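Morning, everyone. Let me put the structure up, and then we go through the ligand site and the ring pairs.

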Amino acid sequence: MDIKKLMVTHPPVGEMAAYKEIYWINPNLGKAKEVSFTMADIDDAEDRLARFAPYIACAFPETAPEGGIIESTLTEIPHMKAALAENRGEIDGRLFLKCDSHLPVSGSIKARGGIYEVLKFAEKVAMDAGMLTEQDDYSILTQPEFLNLFSQYSVAVGSTGNLGLSIGIISAKLGFQVTVHMSSDARQWKKDLLRSKGVTVIEYPDDYQKAVAEGRKEAASNPRCHFVDDENSADLFLGYAVAAKRLGAQLAKNQIIVDDSHPLFVYIPCGVGGAPGGVAFGLKLLYGHNVHIFFAEPTHAPCMTLSMITGLRNKIAVSDIGLDGKTDADGLAVGRASGLVSGIMETLLSGCYTIQDEGLYPLLASLADRENIYIEPSSCASFIGPSLVCRDENWLKQQGLMNKMQHASHILWATGGKMVPEKEMHSYYLRGKNKKRG
Ligand SMILES: *Cc1c(COP(=O)(O)O)cnc(C)c1O
């Protein structure tokens with residue numbers, strides 16, 4: 001690949017290669033394009049999650065009050081809005097936090113797609129064995145004959161941490177044998193927690209891509225093993241996409257309008273792309289040109305930004321432009337974007353931006369001080385987005401948004417945090433307090 005030439009044809013690539021923060025607007029937004037999924041696929045995933053709700057309520061009693069539906073709150077954060085305005089620039093409209101950081105069962109956005117994919121596999125195994133029909137009350141899946149059935153099958157996944165947690169927890173609960181292939185940068189407490197649940201954790205000195213490749217290899221040699229493919233999985237993608245319909249219902253319930261004169265802006269941290277891509281895809285189906293989606297990434301691993309800017313999908317990796325891919329932002333330490341998702345996002349994404357690791361901690365501390373909400377550093381990557389967008393008069397004019405911004409709603413998608421041990425969270429917080437900018 002001729003990287004020098006790429007830097008000339010796409011100047012932001014040069015800045016990215018120097019670990020600089022960038023903000024990029026997608027020139028291909030809204031162009032016509034065939035996408036292989038429809039709302040019917042999302043409805044199917046939503047129905048499946050509803051069938052499993054009685055099982056989830058039974059297996060994870062913390063979800064019983066919500067009837068076994070794994071969902072998070074949408075919280076307005078006016079004090080954080082004020083802090084961001086002081087430090088990063090004014091934000092027009094209202095600011096909300098979507099608290100997937102506190103999703104039940106595994107405390108990250110992976111509790112959507114990751115759990116969905118394993119449930120779908122379990123349903124197929126049980127139905128193929130003639131032990132389950134769609135009309136059954138799925139809480140029967142907690143019974144010993146199902147544990148026994150599932151123990152003859154295995155699940156494997158490669159992960160930087162949070163996906164491994166979700167897949168490990170739900171698979172072990174159902175009774176599957178489960179192996180999580182972890183990259184070495186994954187946090188120790190995540191490995192310890194998984195091992196305590198009977199999950200086999202294999203560590204790799206190399207990065208996430210290597211962990212995924214090993215998982216894929218193990219699964220290929222075993223017909224009873226289901227491999228959760230974070231780089232290509234349609235099931236993961238659709239599990240995440242259900243979030244859009246749920247958010248739509250929350251917005252309606254709270255009388256937050258999204259229409260031609262009330263634009264919605266959604267900012268989501270991106271790793272390989274499945275989680276933010278699924279959410280974005282669902283939201284675009286629901287709200288079309290009235291929703292504007294931005295992805296946020298760390299300066300050391302901006303794989304989706306690089307993929308979008310160059311149009312090279314998964315044919316380019318951050319190492320190709322000399323970046324080391326090392327970041328404190330768990331879940332975002334990914335060198336190469338998903339081919340499936342980068343293709344879908346080409347005409348749906350409004351833009352991307354990047355943030356330095358050191359910028360994450362003051363944002364984390366600010367959210368804790370102003371709103372008493374604690375989330376993990378990677379979840380804060382999106383926070384600079386609303387100020388960047390509100391400052392971008394050229395783009396707002398071009399989109400016809402200038403006189404609509406006082407009616408705008410901005411949603412920062414908090415993607416993880418609840419499972420972080422208190423001591424660890426406190427050290428993140430102190431690190432943020434010792435920095436000035438918030
Ligand atoms: C996984 C993850 C993301 C991004 O999801 P991808 O599907 O990898 O793009 C963002 N934040 C956190 C905390 C995550 O664990």
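How many residues of the shell around the ligand are nonpolar, polar and charged? The shell has six nonpolar, eight polar and two charged residues. For those classes, Ala, Val, Leu, Ile, Met, Phe, Trp, Tyr, Cys and Pro count as nonpolar, Asp, Glu, Lys and Arg as charged, and the others, Gly among them, as polar.

A word on the source. This is a predicted model, where local features need pLDDT of at least 70, side-chain atom pairs count only at pLDDT 80 or more, and totals for chains, interfaces and linings use all residues. Residues are numbered from 1 along each chain as its sequence is written, and side-chain values use heavy atoms, with hydrogens and water left out.

Back to the site. Of the 16 residues around the ligand (a heavy atom within 4 Å of it), Lys110, Asn162, Gly271, Gly273 and Thr415 come nearest. Helix 11, residues 274-287, gives the largest share of the shell, three residues. Helices here are DSSP runs (H or I, at least four residues), numbered from the N terminus.

Now the backbone. A backbone N or O atom of Gly273 sits 2.7 Å from a ligand oxygen. For Val272, a backbone N or O atom lies 3.0 Å from an oxygen atom of the ligand. A polar backbone atom of Ala275 is 2.8 Å from a ligand oxygen. The protein buries 98% of the 380 Å² that the ligand exposes when taken alone (Shrake-Rupley, 1.4 Å probe).

Last, the rings. The whole structure has 13 aromatic pairs, with ring centres within 6.5 Å; planes under 30 degrees apart are stacked, over 60 edge-to-face, the rest tilted. Phe52 and Tyr138 have ring centres 4.8 Å apart and planes at 90°, so that pair is edge-to-face.

Note on methods
Polar contact = N/O pair within 3.5 Å; in protein donor to acceptor, adjacent residues only side chain to side chain. Helix = DSSP H or I, 4+ residues; strand = E, 2+ residues; numbered from the N terminus. Phe/Tyr/Trp six-rings, centres within 6.5 Å; stacked < 30°, edge-to-face > 60°.
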